[in-house]
Amino acid sequence: MTEAVTETMTESIPLLELREIAFQRGNTPVFSNVNLSLMAGDRLALVGGNGTGKSTLLELIVGLHRPSAGSLHAFGEHRVNEAGFRSLRARVGLLFQDSDDQLFCPTVIEDVAFGPLNLGHPDADARQIALDTLASLGLDAYAERVTHRLSGGEKRLVALATVLAMSPEILLLDEPTNGLDQEAEQRLIAHLQALPQTMILVTHDRRLIEQLANRAALMQEGTLVDAVIHSHPHQHTHAHVHIHPRGEHSHRSHSDPVPPHSDHHLNDSEA
Amino acid sequence: MNSLLSLGSERQPTWARKRDPRLRVVAALWLALVAVSLSQPLALASLLLLVLLLAGLLRLPWSLLFQRLLAFEGFMLVLTLMLPFSVAGDPLFQLAGFSASEQGVERALVILLRANTVVIGMLTLLGTLEPEQLGHALGRLKLPDKLVHLFLLSVRYLFVLLDEYRRLRTAMRARAFTPRSDRHTWRSYGWLVGMLLVRSMERSQRVLAAMKCRGFHGRLYLLDNNRWQLTDSGLLLLFILLAAGPWLWESGMLTALPGGAIP
């Protein structure tokens, strides 16, 4: 059952389209009437409270759950069964919330090469793809490392490499900066910014949304509503907490009593 | 954390670290075969000597080795004390009305030597390998895929589970839990184990989901470099011959050679 999406113009066919998707866990409805079109180049921030089903929606897109109602179209095809989703998973990469779930191979290189091998690349090619992907993320030195001895930040980047090694067209990121320290987070964001892929990111991290997203949607009261990342000039005061070693800089005062802020303001996605 | 699984693999000399892991697996198998086929204390003692020599060559940290052996020797001690009195034979000496037999003492000595040879041999040869290397070696030695994968996945998630266990334990302690021998303690431990099982199951489902996302279709791949060299073959041959020595001597095949001892 492949039903091409023909009603829209060729240039504006969404990569991914959810139509009136509903999902329930047991008898408890999680969400319903979810409509979403993802266009090439979109970097959609999916926000909403805990337990509203944001992660579930990502898992549903790659076919780890089946919707109880509605239809899912990806790359112009209606996806209904495991076969449909299997071909979809090669083009849509999901980065899991807990990298320990994603990295299951003994060594980093094997983990990164796992996807390409599954796609049918011979051993040598898969190894090269894995090495190239690692190099693109600055992880050259990690190839032979044992996965369970990596730090949290390293694991997240390697997990990203395992997804990127399959050269997906869409990236689904489930709380990518969760549990990372500021340095690891900034490093991850820098890498994500450099990627050409269309993305959906589930996150509570304001900084990530500010630096990465160009569209937003809000999971609210059991459904998905379009949201606008808006910018408006505002004047407010707040305490600036500076953490530094005791005794150091403690007598220095700010030259300007009201330091300028600029990074709160976002480009309007509709503009 | 590292020393939980492998014994000082980073202290090994370079020549030993460069060897293909399969060399050690095959050597360990051969050692175990020889050890179980020997039945004379002197032959076993010479094999044990060989193993200890090997442990020295691989710079196995002795303190760590003895630590590992401790649990096992406790069990051996009981066996060694019981056997002389429970095996019938020529009486050797009397203790509190029980007589120890000569055959019993010999049997105890043989078991003690044999068990120590095998255990120290395994710790020396396999214990110094990284578990990942061991998994790869087993895979390359054509062991069933399912077993190799089970082993590698166990190694991968052992520490994740251990961390989960520690977190739960800390959470219990944070609420002033101290183990006693009462119903409350047993029930709490029951919940701890139950919670670990539930979490492990959930994790395994997430791992499978992650694997499916990357196109898993029932096959896992092992990527490692084949490092078997002439040196590996040479060393394996040398080890096989050396370890076979006590066996040849015991079975009397060395008597024809000059200097061959006759037991």
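Okay, let's start with one bit of vocabulary: the angle between two helices runs from 0 to 180 degrees between their N-to-C directions, and each helix axis is a line fitted to C-alpha atoms over the stretch in contact. Keep that in your head for a minute. Also, what you see up there is a predicted model.

So, chain B, and two of its helices. Helix α2 of chain B covers residues 21-37, helix α5 of chain B covers residues 102-125, and the two pack at an angle of about 180° with their axes 10 Å apart. Anything over 145 degrees counts as roughly antiparallel, so α2(B) is roughly antiparallel to α5(B). Who does the touching? On the α2(B) side you'll find, among others, Arg24(B), Ala27(B), Ala28(B) and Leu31(B). On the α5(B) side, the residues include Arg114(B), Thr117(B), Val118(B) and Met122(B). If you sort the residues of this contact by class, you get nine nonpolar, two polar and two charged.

Remember Leu31(B), because Leu31(B) turns up again in a nonpolar core of 28 residues, along with Leu126(B), Phe239(B) and Trp249(B). That one is a second core, separate from the largest.

Zooming out a little, chain B is divided into two domains: domain 1 takes 2-136 plus 229-250, and domain 2 takes 144-213. Their C-alpha centres lie 33 Å apart.

Now, where does chain B meet chain A? The contact takes 24 residues from chain B and 28 residues from chain A. On the chain B side, α6 (131-140), α7 (145-174) and α8 (183-213) each supply at least two residues. The largest share, eight residues, comes from α8(B). By class, that side of chain B has 14 nonpolar, three polar and seven charged residues.

Over to chain A. Chain A has eight helices and 10 strands, and 39% of its 271 residues count as buried. Here's one I like: take the contacts in chain A between residues at least 6 apart in sequence, and 70% of them join residues at least 24 apart.

Chain A also comes in two domains. Domain 1 is pieced together from 1-91, 168-181, 194-232 and 261-271, while domain 2 is 97-167. Where they touch, domain 1 of chain A gives 11 residues and domain 2 of chain A gives eight. The domain 1 side of that contact divides into five nonpolar, three polar and three charged residues.

What about the largest nonpolar core? That core has 72 residues, and Leu46(A), Ile61(A), Leu95(A), Ala161(A), Leu172(A) and Leu201(A) touch the most other members. Helix α6 of chain A, residues 152-164, gives the largest share of this core, with seven residues. Let's pick on Leu172(A): leaving aside neighbours within four places in sequence, its contacts include Leu58(A), Ile61(A), Leu95(A) and Ile200(A).

Last stop, Ser68(A), in the loop between α1 (54-61) and β4 (69-74) of chain A. Buried, exposed or partly exposed? Well, 13 other C-beta atoms lie within 10 Å, so Ser68(A) is partly exposed; you'd need 20 or more for buried, and 12 or fewer for exposed. Not counting residues up to four places away in sequence, Ser68(A) touches Ala22(A), Phe23(A) and Gln24(A). And Pro196(A), 128 residues from Ser68(A) along the chain, has its C-alpha atom 33 Å from that of Ser68(A).

That's my tour, thanks!

Technical notes
Residues are numbered from 1 along each chain as its sequence is written. Chains are lettered from A and ligands numbered from 1 in the order in which they are written. This is a predicted model: local features need pLDDT of at least 70, side-chain atom pairs count only at pLDDT 80 or more; totals for chains, interfaces and linings use all residues. Two residues are in contact if their C-beta atoms, placed from the backbone, lie within 7 Å. Helices (H or I, at least four residues) and strands (E, at least two) are DSSP runs, numbered from the N terminus. Ala, Val, Leu, Ile, Met, Phe, Trp, Tyr, Cys and Pro count as nonpolar, Asp, Glu, Lys and Arg as charged, and the others, Gly among them, as polar. Domain bounds come from an automatic or database domain assignment. Angles under 35 degrees count as roughly parallel, over 145 as roughly antiparallel, 65 to 115 as roughly perpendicular and the rest as oblique. A nonpolar core is a set of buried Ala, Val, Leu, Ile, Met, Phe, Trp, Tyr and Cys residues joined through C-beta atoms within 7 Å.
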